[in-house]
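Q: I'm new to this structure and would like a close look at just one part of it. Could you pick a strand and walk me through its surroundings?

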Amino acid sequence: MSDYIVSARKYRPDSFESLIGQDNIARTLKNSILRGKLAHAYLFCGPRGVGKTSAARIFAKTINCSNPSSGMEPCGKCESCLSFQEGRSYCIHELDAASNNGVEDIKALMEKVQVPPQVGKYSVFIIDEVHMLTQSAFNAFLKTLEEPPAHAIFILATTEKHKIIPTILSRCQTYDFNRISIPDIVRNLRDIAGKENITIDDESLHIIAHKADGAMRDALTIFDQTVAFCGTEVRYEDVIRNLNVLDYEYGFKLVDAFLTRNYADALLTFDEILSKGFNALHFVSAISSHLRDLLVSRTGGLESLLDMPDSLRARYREQAGRCSVKFLYDALGITSQCEAGYRAAANQRLHIEYALMKLSFLAGAPDDSMKAAGAAATESSPKVERPANPEPKEMPKQEPEPKREPASPRRAVRPLSGASLSLSSLMEEKKEEVRKEEEPVPGAFPSEDEITGKWKELASGISQPRLANALSNAKVEFREEDGCKCLDFYVTNEAQKKWIEEKVLRGLETKFRSMLGCGGIRLCPTVVPEEEQEVKIYMPAEKAEDLMSKNADVKDLVIDLGLEIK
């Protein structure tokens, strides 16, 4: 057990060639050594685990190496290289600024800077997590950093470049390290697995690489954890169980349920995922990632945007072929809205379940007409062709011309003024003509009690709750006009009346006539007169006064106690 070394230390890069994912930085540093143009201060910044400190050590070894290779790699055999590897070098110094961040620590460092190297050409000072230095320590370090001795080179490493003061940044050559790509991590892990005689598939390696989030050190740590759990035979099922990663199979299963409008299966899958302890928000994020990968797979030329093994790409292409671009685009919009509103939702589980139901109806969602009360017209249209009283259908066809004759002279003598020849007036006139052509001449009208009963039945059958509530509570009156029976129903305001007339009135009227078996019925929305509208009370003082006016005991109590109404 004492001989065991974790992979992050055992396989730490010791040459520029073994530095993974930072080829441009390695090339720049090697060229500066080859041409003898070394700066006195460098700043290596970037995310964790991408090789900043490793690159600093390799650079320090190389500039002090007695026999570097033609490619400017340290030999690993000279006294300078051996002393550094054994931890006894007096020319390469490492300082942890997280625990040595005061002015006194910087003063001690400045004293060491004056001592020339005993082996090699340069004294290299690697200061890790340099952003942890205090403001006073930074100020004390400025003069030495700007004009160090000829043998001194400083390499500063940090993960938070924005915390370093500008005067320090201006004195350093800055190198920005990138996150390591998933293919590079997978390639390195595969090589290490081969050296350690560990059998692992590509799917497991990609899961580890995704979990590492661009950090090679994290990837090696997760790799060691996985091997400790699975042994030398690493299987995908064991990896996702050990790392608590959501299996991509759930993504394929959910999209299949969406395409078949099987919302029950989608809800049961979500419940199964929650029962395994997965975070609900991470579940929504996983669906978004799956939909994104499907969209990329469906679009030619974007294969490079998919970080997954070839076997998995084939499955994505197969499922993407069954999805339209519009479906994937709308689905991504739903999941994005779900993620954005998740934290603010009072019932977070219901919030996600509602999003799953919306996704389930994207592939074959009802038309907009079905969502409104106008759906009733679509459903009942075949019944209109077979009314109980056939005469109303015949009479308008016998006299089509007499109805149009009065309209022609009026249009001929209409003056050409902007007020009378407006677009809205022409549209209203056209609607009126079409309506008159469609309306049959009524036969015997049903009784008012029968019409009222059918009206309540019509209101209760509407799928829109607000419209159904407005119609069921509306006051109705009857009148006769132009040989038709008019049912006036009252709505609360002009906007509501206009919406009903434009969106749903035709459908409601058609279905109502079919229910009554009479084509001479009209529905006429009317706004409740202002004097009859109920006065709504909003302010607390108004509510108190209203309560006192209705209850004498409350009024006496207020007077007796001398209460002030606010």
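A: Here is a walk around one strand, β4, with a short stop at a pocket afterwards.

Keep in mind that this is a predicted model. Strand β4 covers residues 152-158, and seven of its seven residues are buried, so the strand is largely enclosed by the rest of the structure. Buried here means under 20% relative accessible area.

Now look at where the side chains go. In a regular strand they alternate between the two faces of the sheet. In β4, A152, F154, L156 and T158 point one way, while I153, I155 and A157 point the other way. Whichever way they point, all of these residues are buried.

What about the neighbours? Strand β1, residues 41-45, runs parallel to β4, and five bridges join the two. If you'd like a spot to find by eye, L43 has L156 of β4 as its bridge partner. Then there's strand β3, residues 123-128, which also runs parallel to β4 and is joined to it by six bridges. Here you can look for F125, whose bridge partner in β4 is F154. β3 and β4 also belong to a right-handed β-α-β unit, together with helix α6, residues 135-146.

Before you go, take a peek at the largest pocket, with a volume of about 970 Å³. Of the 33 residues lining this pocket, I207, V245, L246, A286 and S289 are the closest to its centre. Helix α14 (280-298) gives the largest share of the lining, nine residues. By type, the lining splits into 17 nonpolar, ten polar and six charged residues.

Methods
Residues are numbered from 1 along each chain as its sequence is written. This is a predicted model: local features need pLDDT of at least 70, side-chain atom pairs count only at pLDDT 80 or more; totals for chains, interfaces and linings use all residues. Side-chain values use heavy atoms; hydrogens and water are left out. On a 1 Å grid over the protein atoms alone, a cavity is a set of points where a 1.4 Å probe fits but cannot get out, and a pocket is an open set with protein on both sides within 12 Å along at least five of seven lines; lining residues have an atom within 4 Å of a point. Grid points are joined across faces, edges and corners, and a volume is the space filled by probe spheres set on the points. Helices (H or I, at least four residues) and strands (E, at least two) are DSSP runs, numbered from the N terminus. Ala, Val, Leu, Ile, Met, Phe, Trp, Tyr, Cys and Pro count as nonpolar, Asp, Glu, Lys and Arg as charged, and the others, Gly among them, as polar. Buried means under 20% relative accessible area, exposed over 50%, partly exposed in between (1.4 Å probe, protein chains only). Two strands pair if DSSP finds at least two bridges between them. A crossover is right-handed if, with the strands pointing away from the viewer, the path from the first strand over the helix to the second runs clockwise.
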